[in-house]
Amino acid sequence: MFDGLMKPASAGHSTIQRGLEAVRRHLGMEVAYVSRFEGGRTVFREVDAPGLEGLIRPGDSRPLHEVYCPHILAGRLPELIPDTGALPLAASLPITRAVPIGAHVSVPIQLPDGRAYGMFCCLSPHPNPSLNARDLQVMRVFAEVAAHEIAREMAEEEASEARLAELEAVMEGRLFTFRFQPILTLQPFQVVGFEALCRFGPEPYRTPDLWFAAAHAAGRGVELELAVLRRAVQAVRRLKAPAFLSFNASPATILSRRLTALLAGLPTERLVLEVTEHSQVADYEALRAALAPLRSAGVKLAIDDAGAGYSSLQHILQLQPDIIKLDMGLVRDVDRDPAKRALAAALCFFARETDCQIVAEGIETEAEFAALEALGVSRGQGYLLGRPGDLAAAQEMVGAAAPMG
Ligand code: C2E
Ligand code: MG
Ligand code: MG
């Protein structure tokens, strides 16, 4: 009897659903629903009507002029109707006989900004003379809770639309630049490459990992990474050989298999791909397969943030990288913290055994530097050795002694 106008289930859906069931049971009625007004219709969002699912379903809708709501809102019908037969207007509406409706309790859902959103409603095919003002009061409380949930959900939707629009603008307008942070050999003390780090334009400033996380949460992460990467990797052309350029990519972006085309024509043997991912990878076989053409073109593979969590160790075992980047958290106070030193030493030992290189990230103090050097770390990166800077500054540094030296 109702035609469909489906909308996806909402965030506050289950709270409202539980509320509907509680009110319906409390009032001893057969049907409870929350509706919203949309284009001259009332759309049923959540419905609790056990056994009557064929009669009314979430997503169904009815023209407003057929139902009680406009009459209730205009004061022509009361919110509480224990017996529709006792009210000439209710009795005369075709829907009363069609459903049928014997008893009806319905209150408007008003949003905090005053807008009438829809109705919180219970009905029964039979009259229910026991319904009273207290029942109506209970219904009002639940309608307020529903209004609160709906307002929260609408605010969330608005915020996520705004985030999406901002992402869109960033991608279309290429509102990002890059900083290049030097990577040095510790013995001799020389700049040998750079990591490209993205900087997004929109204010307030947010670190790149936050931007990428937000984009991934909105299902646009790979797209954003590729847009950024497309430009980042071009910098390798302008770096003096043999300096290399390290760039970041998540497994999802690697799995998109669009990197090979993106790197075409570049000196791939001077590129390092840093796998940045803190969560588990479901299918290493697929990731290895996607990496294969890149590695055979000479691109080196680095595992970023090693020691930051279980997954980075999994990546190391499964992907057999050329480079392991010790996470900044492990580097911080490595000179004073025996546990960190032990883990860093274990990773250095592992790197030697498997013929891969260690790059320690985020070195900030001379003591950390000395401790890492003593552990046999061959390369480093961090504010002590050089802050991320522009490309011109990066070009100057190649082959030169580091700022600290
Ligand atoms: P990451 O790849 O581990 O990059 C290292 C981060 O540590 C950078 O932060 C860098 O500026 C910062 N850093 C370097 N040395 C020091 C230090 O001595 N002390 C401290 N406190 N920090 C240091 P940034 O640039 O904010 O990047 C954060 C993360 O965002 C990166 O971590 C990477 O996961 C991601 N990211 C950055 N650019 C890109 C990009 O172009 N593509 C992708 N997919 N991810 C990126
Ligand atoms: Mg990195
Ligand atoms: Mg890192």
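The following questions and answers concern a predicted model of a protein with its ligands.

Reader: Which residues donate to the magnesium ion (ligand 2)?
Author: The donor residues of the magnesium ion (ligand 2) follow the spacing E-x52-N-x25-E-x29-D along the chain. The donor atoms lie at 2.0 to 2.2 Å. The residues that supply them are E195 (OE), N248 (OD1), E274 (OE) and D304 (OD).

Reader: How many residues apart are E195 and N248, which both coordinate that ion?
Author: E195 belongs to strand β9, whereas N248 belongs to strand β10, residues 244–249. The pair links distant parts of the chain. The separation between E195 and N248 is 53 residues.

Reader: Is E195 buried or exposed?
Author: The relative accessible area of E195 is 3%. The cut-off for a buried residue is under 20%. Therefore E195 counts as buried.

Reader: What class of accessibility does N248 have?
Author: N248 has a relative accessibility of 24%. A residue is buried under 20% and exposed over 50%, with the remaining class in between. N248 therefore counts as partly exposed.

Reader: Which protein residues are donors of the magnesium ion (ligand 3)?
Author: The spacing of the donor residues in sequence is D-D-x55-E. Their donor atoms lie 2.0 to 2.6 Å from the ion, and E361 (OE) is listed twice among them. The donor residues are D304, D305 and E361.

Reader: Which residue coordinates both the magnesium ion (ligand 2) and the magnesium ion (ligand 3)?
Author: The two ions are 4.1 Å apart. D304 appears among the donors of ligand 2, and D304 also appears among the donors of ligand 3. The residue that coordinates both ions is D304.

Reader: Are D304 and D305 buried or exposed?
Author: D304 and D305 are both donors of the magnesium ion (ligand 3). In terms of accessible area, both residues are buried.

Reader: Which residues come nearest to ligand 1?
Author: There are 25 residues around ligand 1. One of the nearest is E195, with a side-chain N or O atom 2.8 Å from an oxygen atom of the ligand. Another is D304, with a polar side-chain atom 2.8 Å from an oxygen atom of ligand 1. The residues that come nearest are E195, R199, D304, E364 and Y383.

Reader: What distance separates a nitrogen atom of ligand 1 from a polar backbone atom of C198?
Author: The contact of C198 with ligand 1 involves the backbone of the residue, whereas E195 approaches the ligand through its side chain. For C198, the distance is 3.1 Å.

Reader: What share of the area of ligand 1 does the protein bury?
Author: Taken alone, ligand 1 exposes 800 Å². The share of this area that the protein buries is 86%.

Reader: Where are the cis peptide bonds that precede P100 and P188?
Author: The bond from V99 to P100 has an omega of about -5 degrees, and P100 is in the loop between α4 (94–98) and β6 (103–110). The bond from Q187 to P188 has an omega near -10 degrees. P188 is in the loop between β8 (176–185) and β9 (190–200).

Reader: Which backbone oxygen does the side chain of T185 reach?
Author: T185 is in strand β8 and is buried, at 14% relative accessibility. Beyond four places in sequence, T185 touches Q190, V192, S378 and R379. At 2.5 Å, its side chain reaches the backbone oxygen of P188.

Reader: What is phi for R174 and for Q320?
Author: R174 is in the loop between α5 (133–172) and β8, and Q320 is in the loop between α11 (310–319) and β13 (323–326). R174 is exposed at 52% relative accessibility, and Q320 is exposed at 61%. Neither residue is a glycine, yet phi is positive: about 45 degrees for R174 and near 45 degrees for Q320.

Reader: Which residues does I254 contact in the largest nonpolar core and beyond its sequence neighbours?
Author: The largest nonpolar core has 73 residues, and I254 is among those that touch the most other members. A second, separate core of 23 residues includes L80, I109, F120 and L136. Leaving aside neighbours within four places in sequence, I254 is in contact with A249, L259, L273, V275, L287, A290 and L291.

Terms used: Residues are numbered from 1 along each chain as its sequence is written. Chains are lettered from A and ligands numbered from 1 in the order in which they are written. This is a predicted model: local features need pLDDT of at least 70, side-chain atom pairs count only at pLDDT 80 or more; totals for chains, interfaces and linings use all residues. Side-chain values use heavy atoms; hydrogens and water are left out. Donors are N, O and S atoms within 2.8 Å of the metal (3.2 Å for Na, K and Ca); water is not among the atoms, so sites may look incomplete. Buried means under 20% relative accessible area, exposed over 50%, partly exposed in between (1.4 Å probe, protein chains only). Helices (H or I, at least four residues) and strands (E, at least two) are DSSP runs, numbered from the N terminus. A nonpolar core is a set of buried Ala, Val, Leu, Ile, Met, Phe, Trp, Tyr and Cys residues joined through side-chain atoms within 4.5 Å. Contact means heavy atoms within 4.5 Å. A residue is near a molecule or strand if one of its heavy atoms lies within 4 Å of it. A polar contact is a pair of N or O atoms within 3.5 Å; within protein, one must be able to donate a hydrogen and the other to accept it, and residues adjacent in sequence count only if both atoms are side-chain atoms. Accessible areas come from the Shrake-Rupley method with a 1.4 Å probe; for residues, only the protein chains shown count as cover.
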